[in-house]
Amino acid sequence: MAYSLPPPPPPPPSLPLPNHFTRRSLLLLSTTTTTSSTLSLPSTPPPTPTVTDRVFMDFSLCPNNFLPNRADTLSPICSDSTLLGRVVLGLFGNLVPLTVSNFKSVCLGSNPKSSSYKNTLVHKVFPGQYFLAGRQGRPDKGEVRPPRDLPRNTETVDSKAFALTHSRPGVVSLSLSENDDDDDIKLDPEYRNVEFLITTGPGPCPQLDNKNIVFGTVLEGLDVITAIASIPTYQPSERIRQFNDLAEFFGDERAQNARNIWNRPLTTVYISDCGELKVTKPSLTPSLP
């Protein structure tokens, strides 16, 4: 018996000619064109920081050592202090005028009912990253009491204020994510954040980007910043860290209090003087380190 083969399948439909377009081809063409044009758009360049103000900070060492089992106090004048050096900061008033204005106000301390950064502690040092200063609290403990009439800083909720990055040593930034102020102070309706950080290098600190407002740079005295970064700090043992994590898990408030002394300098370093530097040309592009 003879078997006949099944007929071959019909040929696939021919593709449309270049001068004929289906709805699908038009959609694909439109999507491709839009994507290409989007990718070809130039990225927005970062803002150019211009130094509009200059302030200085003298950092000194006090002979009393920090011990984790006692409160750290600092008299208004440390008679046996050793001057570590002067740091000149250039402030970017053209980018974040409110942040710069508030920083200058606390630095100058013109309000008699408040304290300035003078005689306040560098309370945290993170080796190879940054140090923190300007923690709020009691002046007799080396902490800042900002003026009550300090303007509210609306730049803390403005995305444009976070455009600059912590890309090098000597970046001055308003501490927001790294803020160490006590919760009861932060809950005050009149709370004004004045805590700041300075990056110490040697590399960048990308973990600080988009979380803290960069408002200045170190113009002179980067060696002083490096010296502060080299001061030994209190580092708890791994066992203490584990107990602390366990206490925090069970909601023990003492866990946070215990962490407040971590990374504290073992030798007291503080801002012994600060003020404004007047210049003849107040708008000069800084010579960055």
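**Strands, cores and ring pairs in a predicted model**

L197 has a relative accessibility of 0% and therefore counts as buried. The structure described here is a predicted model. L197 is found in strand 6, which covers residues 196-199. Its surroundings come from distant stretches of sequence as well as nearer ones. Setting aside neighbours within four places in sequence, L197 is in contact with Y130, F131 and L132. The contacts of L197 also include H166, V171, V172, S173, S175 and E178. L208 and N212 complete the list for L197. One of these partners, S173, lies 24 residues from L197 in sequence. In space, the C-alpha atoms of L197 and S173 are 5.3 Å apart.

The protein as a whole has 289 residues, and buried residues make up 42% of them. Its secondary structure comes to 6 helices and 8 strands. From the N terminus on, the order of elements is α-β-β-α-β-β-β-α-β-β-α-α-α-β. Contacts between residues at least 6 apart in sequence were also examined. Of these, 79% join residues at least 24 apart. The accessible surface comes to about 16,900 Å². Carbon and sulfur atoms account for 59% of that surface.

Several strands pair side by side. Strand 6, the element that holds L197, pairs with strand 4 in the antiparallel sense over 4 bridges. In this pairing, Y130 stands opposite T199 of strand 6. Strand 4 covers residues 130-133, and both of its faces are covered. Y130 and L132 are buried on one side. F131 and A133 are buried on the other. Strand 4 also pairs with strand 3, again in the antiparallel sense and over 4 bridges. Here V125 stands opposite F131 of strand 4. Strands 3 and 4 form a hairpin, with 3 residues between them. In the turn, G128 has a positive phi of about 75°.

Strand 3 has a further partner. This strand, residues 120-126, is joined to strand 8 by 2 bridges, and the two run antiparallel. T120 stands opposite I271 of strand 8. Strand 8 spans residues 267-276 and is mostly covered, with 7 of its 10 residues buried.

The interior was then examined for nonpolar cores. The largest nonpolar core has 35 residues. Within it, M57, F59, L89, F103, Y117, F196 and F215 touch the most other members. Helix 2 gives the most to this core, with 4 residues. A second, separate core has 6 residues. Among them are F126, Y130, L132 and L197.

Aromatic pairs are also present, and the count comes to 6. In one of them, F103 and F215 have their ring centres 4.9 Å apart. The planes of the two rings stand at 55°, and the pair is tilted. F103 lies in helix 2 (residues 97-108) and F215 in strand 7 (residues 213-220), so the pair ties together parts that are 112 residues apart in sequence. F103 counts as buried because its relative accessibility is 4%. F215 counts as buried because its relative accessibility is 1%. Ring pairs link F103 and F215 with Y117 and F196 into a cluster.

The surroundings of F215 extend beyond that ring cluster. Leaving aside neighbours within four places in sequence, F215 is in contact with G90, L91, F92, V96, T99, V100 and F103. V172, S173, L174 and F196 are also contacts of F215. S173 thus appears among the contacts of F215 and among those of L197. F215 and L164 are 51 residues apart in sequence. Their C-alpha atoms are 8.3 Å apart in space.

Two charged side chains deserve a mention. K104 has its place in helix 2. At 16% relative accessibility, K104 counts as buried, because the cut-off is under 20%. Not counting residues up to four places away in sequence, K104 touches D53, V55, L91 and E276. L91 is also in contact with F215. The second case is R86. Its charged end sits over the ring of F56, 3.9 Å from the ring centre.

How values were computed:
Residues are numbered from 1 along each chain as its sequence is written. This is a predicted model: local features need pLDDT of at least 70, side-chain atom pairs count only at pLDDT 80 or more; totals for chains, interfaces and linings use all residues. Side-chain values use heavy atoms; hydrogens and water are left out. Rings of Phe, Tyr and Trp (its six-membered ring) pair if their centres lie within 6.5 Å; planes under 30 degrees apart count as stacked, over 60 as edge-to-face and the rest as tilted. Buried means under 20% relative accessible area, exposed over 50%, partly exposed in between (1.4 Å probe, protein chains only). A charge sits over a ring if NZ of Lys or CZ of Arg is within 6 Å of the ring centre and within 35 degrees of the ring normal. Two strands pair if DSSP finds at least two bridges between them. A nonpolar core is a set of buried Ala, Val, Leu, Ile, Met, Phe, Trp, Tyr and Cys residues joined through side-chain atoms within 4.5 Å. Contact means heavy atoms within 4.5 Å. Accessible areas come from the Shrake-Rupley method with a 1.4 Å probe; for residues, only the protein chains shown count as cover.
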